[in-house]
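I opened this notebook page to record what I looked up in one protein model, going from the overall fold to single side chains.

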Amino acid sequence: MSNAKVLPLLEPDAVAACCPPLDERPMSAEEAEVAAKMFKALGDPVRLRLFSAVASHEGGEACVCDISDVGVSQPTVSHHLKKLKEAGLLSSERRGTWVYYRVEPSVLAAMGALLDGAAKTA
């Protein structure tokens, strides 16, 4: 006799965008802080290249060994990846000696929603 139960699968929670679309209403101070942190992290060309490399990598995640060829030393790559993680743009998981990075889909959706209204009015 087994005590095993079948548990229902949980749908991932829909993550609310960090900020309203720019043309919806003025941002609160807190929303502006969150958005500025994200965009400041992406304001460096090396970080933008690393973010793009992770976001576009097959399977939605990339090993640091696959994305570190951005023209700077490995310690500098680690520094930039740390800044992207601190800004909430990347998450990571250590597997053995390698670290794998991924862009959370909610981050891309939030950034897209923030800029979407502004792009429509331009």
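The entries below go from the whole chain to the core, the hairpin, the salt bridges and a surface patch.

**Entry 1, the chain as a whole.** I note at the outset that this is a predicted model. I counted the elements and found five helices and three strands in the protein chain, which follow the pattern α-α-β-α-α-β-β-α when read along the sequence. I then looked up burial, and buried residues make up 29% of the 122 residues. The accessible surface comes to about 8300 Å², and 57% of that surface belongs to carbon and sulfur atoms. For contacts between residues at least 6 apart in sequence, I found that 56% join residues at least 24 apart.

**Entry 2, the core.** Which residues have the most contacts inside the largest nonpolar core? I found Leu50, Leu81, Leu84, Leu89 and Leu90 in that role, within a core of 22 residues. Helix 1, helix 2 (45-56), helix 3 (64-67), helix 4 (74-86), strand 3 and helix 5 (105-121) each supply at least two residues of this core, and helix 2 gives the most, with four residues. I followed Leu90 further and, leaving aside its neighbours within four places in sequence, listed its contacts as Phe51, Val54, Leu81, Leu84, Lys85, Tyr101, Arg102 and Val103.

**Entry 3, the hairpin.** I traced strand 2 (residues 90-95) against strand 3 (residues 98-103), and the two pair in the antiparallel sense over six bridges. They form a hairpin with two residues between them, and Gly96 in the turn has a positive phi of about 65 degrees. Within this pairing, I noted Tyr100 of strand 3 as the bridge partner of Glu93.

**Entry 4, salt bridges around the strands.** How many salt bridges does the structure hold? I found seven, and I looked at some of them in detail. Glu61 forms a salt bridge with Arg95, in which the closest N and O atoms are 2.9 Å apart. Because Glu61 lies in strand 1 (residues 61-63) and Arg95 in strand 2, this pair ties together parts that are 34 residues apart in sequence. Glu61 is partly exposed, with a relative accessible area of 23%, and Arg95 is also partly exposed, with 32%. The side chains of Glu93 and Arg102 meet in another salt bridge, at 3.6 Å from N to O. Salt bridges that share partners join Glu61, Glu93, Arg95 and Arg102 into one network. Glu93 counts as partly exposed at 34% relative accessibility, and Arg102 counts as partly exposed at 23%.

**Entry 5, Glu31.** Is Glu31, which has a salt bridge to Arg25, buried or exposed? I found that Glu31 counts as buried because its relative accessibility is 15%, and buried means under 20%. Its partner Arg25 counts as partly exposed, at 38%, and the closest N and O atoms of the pair are 2.8 Å apart. Glu31 lies in helix 1, and I also checked its separation from Pro20, which is eleven residues away in sequence and 8.2 Å away in space, C-alpha to C-alpha.

**Entry 6, a surface patch.** I looked last at the surface, where Leu22, Phe39 and Leu115 form a nonpolar patch with about 250 Å² of accessible area together. Leu22 is placed in the segment before helix 1 (29-42), and it counts as partly exposed, at 44% relative accessibility.

Key:
Residues numbered from 1 in each chain as written. Predicted model: local features only at pLDDT ≥ 70, side-chain atom pairs only at ≥ 80, totals over all residues. Heavy atoms only, no water. Patch = residues over 30% accessible without salt bridge, like charges linked within 9 Å, V, L, I, M, F, W, Y side chains within 5 Å. Areas by Shrake-Rupley, 256 points an atom, 1.4 Å probe, with all protein chains shown as cover. Buried < 20%, exposed > 50% of the residue type's maximum accessible area, 1.4 Å probe, protein only. Pairing = 2+ DSSP bridges. Core = buried A, V, L, I, M, F, W, Y, C linked by side-chain atoms within 4.5 Å. Contact = heavy atoms within 4.5 Å.
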